[in-house]
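This report looks at the aromatic contacts of a predicted model, and then at its fold and one of its helices. Please read it alongside the sequence and coordinates shown here.

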Amino acid sequence: MPRIHPSSPEASRRMANGEWRMAKVRQKGTGPEMALRRELYRRGLHYRVDFEVLKKPRRVADIAFPKLRKAIFVDGCFWHGCPEHATWPKQNADFWLQKIEANRHRDADTNERLRSIRWTVLRFWEHEPAPNAADTIIADLVITTRSAGRESPASSNQTDGTGKR
């Protein structure tokens, strides 16, 4: 990974205090997110990646189906406080508690804001198998498209064995 260069004296101070570790943490295209994207693509779904679903405050869905108003988030167990797998660091515990609780609060705020403008929010933990998450997403998309009287997304990419759709 290329070296991260501080942009200001303040950034230099923070980097010296160990915040460089957080700067190196991947925020987009994580392994679990990529596995889910591959699974959805394998099943014939087309979606938007890193889609801005809210402008102010800015919120970006990992995967989105904008026409159907679906926002999918893949949350890291550590960063979002998974009840099964989250670990609480012993060093600088107050900082981490505040950081993770702020992430949880932001997640709840995002869910509420999106639901108020009639988006469906689906959240998955990074430990959930991609095929299971894809099953849930497809089931939700099928329900939405059927209730709207459209052809379901999974079936629109399937053939009847004759090569015709």
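## Aromatic pairs

The structure holds six aromatic pairs. One of them joins Tyr47 and Phe65 in an edge-to-face arrangement, with 6.4 Å from centre to centre and 70° between the planes. This pair links distant parts of the chain, since Tyr47 lies in the loop between α2 (31-42) and β1 (48-54), while Phe65 belongs to strand β2 (residues 59-65), and the two are 18 residues apart. Phe65 counts as buried because its relative accessible area is 7%, which falls under the 20% limit.

Another edge-to-face pair is formed by Phe78 and Trp79, whose ring centres are 5.1 Å apart and whose planes meet at 85°. Are these two rings buried or partly exposed? Phe78 counts as partly exposed because its relative accessibility is 21%, and Trp79 is likewise partly exposed, at 25%; both values lie between the 20% below which a residue is buried and the 50% above which a residue is exposed. Phe78 and Trp79 also belong to a cluster in which ring pairs link them with Phe95 and Trp96.

## A charge over a ring

Phe73 takes part in a contact of another kind, in which the charged end of Arg123 sits over the Phe73 ring, 4.2 Å from the ring centre.

## Overall fold

The secondary structure of the protein chain consists of six helices and four strands, and along the sequence these elements follow the pattern α-α-β-β-β-α-α-β-α-α. The chain has 165 residues, of which 35% count as buried. Among contacts with a separation of 6 or more, 51% are made by residues 24 or more positions apart.

The protein chain exposes about 11,100 Å², and carbon and sulfur atoms supply 50% of that area.

## Helix α5

Helix α5 covers residues 130-147, 18 residues in total, and reaches 26 Å from its first C-alpha to its last, close to the 26 Å expected at 1.5 Å a residue. Which residues of α5 are buried? They are Ala130, Ala133, Ala134, Ile137, Ile138, Asp140, Leu141, Val142, Thr144 and Thr145, so that the list includes the acidic residue Asp140 as well as two threonines.

After α5 comes Gly149, a residue whose phi is positive, near 80°.

Methods:
Residues numbered from 1 in each chain as written. Predicted model: local features only at pLDDT ≥ 70, side-chain atom pairs only at ≥ 80, totals over all residues. Heavy atoms only, no water. Buried < 20%, exposed > 50% of the residue type's maximum accessible area, 1.4 Å probe, protein only. Contact = heavy atoms within 4.5 Å. Areas by Shrake-Rupley, 256 points an atom, 1.4 Å probe, with all protein chains shown as cover. Expected span 1.5 Å × (residues − 1). Phe/Tyr/Trp six-rings, centres within 6.5 Å; stacked < 30°, edge-to-face > 60°. Lys NZ or Arg CZ within 6 Å of the ring centre and 35° of its normal.
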